[in-house]
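Here are some short exercises to work through with the model open beside you. Try each task before you read its solution.

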Amino acid sequence: MKWRFADLPVRTKFLVTLAIPVSGMVLLIGKQMMSSLDRRDVYLYISGQARSIELLSNVIHELQKEYALCTNYLAGRGVKEPRLGLQFVRTDEAITALIKGTESEEGAKRQNAFNGLGVLRQRVMDRRTLSGQVGQSYRAMTTVLLDDLTITAKLALDPVTKDRLYAHMNLLHAKEAMSIVRSKVGRGLVGEPLLNTDMASISLQLANYESNLALFERDAPEEVLAEYRRIYTGDTIGF
């Protein structure tokens, strides 16, 4: 005897008919939940990367300020020990926040970049080093952080996020180039002789500054560019 759907009781046929749309709804809800979980993971990843970039940027900024103050202190240009010590504290706070804000293995790797910072500071305070040597040491530290930031930018998940990260990174590279130019020109202004290699380095860093600033203006969102131009305005700045 063949089984036919029409021979089933009315109650059974009703339940079977009702189960079809219910099953479809369950599958649809499950798919939406999986999509929500995926979006949540992406959001958490991007949020974590943005926080890491913020911490890295803060450390680079404080190191650049410390480098400038150390150069002025060694040159006798009005920087006193209390002001230098205050900057040391600010830099240490930024480094501590960076280490605590990353995973243990990555944090230990970043900590290694600052192993010689204490010795360098003591030599500066005792005036037992030259500003050129100080510059090399600080540039080595910022280079490690900028390389770390480059790796972070390459891990971006979508083109829009990647462009934003690269824009931020290019602006930091431009700022670092100008920091190097400032230190070398400052050394020359206080009478320290500048070698041909120093002049070549200044030309190279100016080219790096212009290139990275052009890349920043290409990749940065319009609202970021508008804020940048609002802050940096004046007769000597051409926009």
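Two residues are in contact when they have heavy atoms within 4.5 Å. This is a predicted model, in which local features need pLDDT of at least 70, side-chain atom pairs count only at pLDDT 80 or more, and totals for chains, interfaces and linings use all residues. Residues are numbered from 1 along each chain as its sequence is written, and side-chain values use heavy atoms, with hydrogens and water left out.

**Exercise 1. Explore the contacts of Leu145 and the core around it.**

Step 1. Which residues does Leu145 touch, not counting residues up to four places away in sequence? They are Leu56, Val59, Ile60, Leu63, Leu98 and Phe114.

Step 2. Now look at the largest nonpolar core (a set of buried Ala, Val, Leu, Ile, Met, Phe, Trp, Tyr and Cys residues joined through side-chain atoms within 4.5 Å). This core has 29 residues, and those with the most contacts inside it are Val59, Phe114, Tyr138 and Leu145. Buried here means under 20% relative accessible area, exposed means over 50%, and partly exposed lies in between (1.4 Å probe, protein chains only).

Step 3. Ask which helices supply the core (helices, H or I of at least four residues, and strands, E of at least two, are DSSP runs numbered from the N terminus). Helix 1, helix 2, helix 4, helix 5 (131-154) and helix 6 (159-189) each supply at least two residues. The largest share, 10 residues, comes from helix 1.

Step 4. Look for a second core as well: a separate one of six residues includes Leu213, Phe216, Leu225 and Tyr228.

**Exercise 2. Trace the salt bridges of Arg121.**

Step 1. Start with the rule: a salt bridge is a side-chain nitrogen of Lys or Arg within 4 Å of a carboxyl oxygen of Asp or Glu. By this rule there are six salt bridges.

Step 2. Find the acidic partners. Glu66 pairs with Arg121, with the closest N and O atoms 2.9 Å apart. Because Glu66 lies in helix 1 (residues 10-75) and Arg121 in helix 4 (residues 117-125), this pair ties together parts that are 55 residues apart in sequence.

Step 3. Arg121 also forms a salt bridge with Asp92, again with the closest N and O atoms 2.9 Å apart. Asp92 lies in helix 2 (residues 81-100) and Arg121 in helix 4, so the pair ties together parts that are 29 residues apart in sequence.

Step 4. Check the burial. Arg121 is buried, at a relative accessible area of 9%, while Asp92 is partly exposed at 34%. Glu66 is buried, too.

Step 5. For another pair, turn to Asp219 and Arg218, whose closest N and O atoms are 2.8 Å apart in their salt bridge. Asp219 counts as buried at 14% relative accessibility, but Arg218 counts as exposed at 59%. Back at Arg121, salt bridges that share partners join Glu66, Asp92 and Arg121 into one network.

**Exercise 3. Work out how helix 2 is oriented.**

Step 1. List the buried residues of helix 2: Leu84, Gln87, Phe88, Thr91, Ala94, Ile95 and Leu98.

Step 2. Where do these buried residues fall, seen down the axis of helix 2? They fall within an arc of 130° (taken from the directions from the helix axis to the C-beta atoms), so they line one face of the helix.

Step 3. Finish with the face turned away from the buried side of helix 2, which carries the exposed residues Pro82, Glu93 and Lys100.
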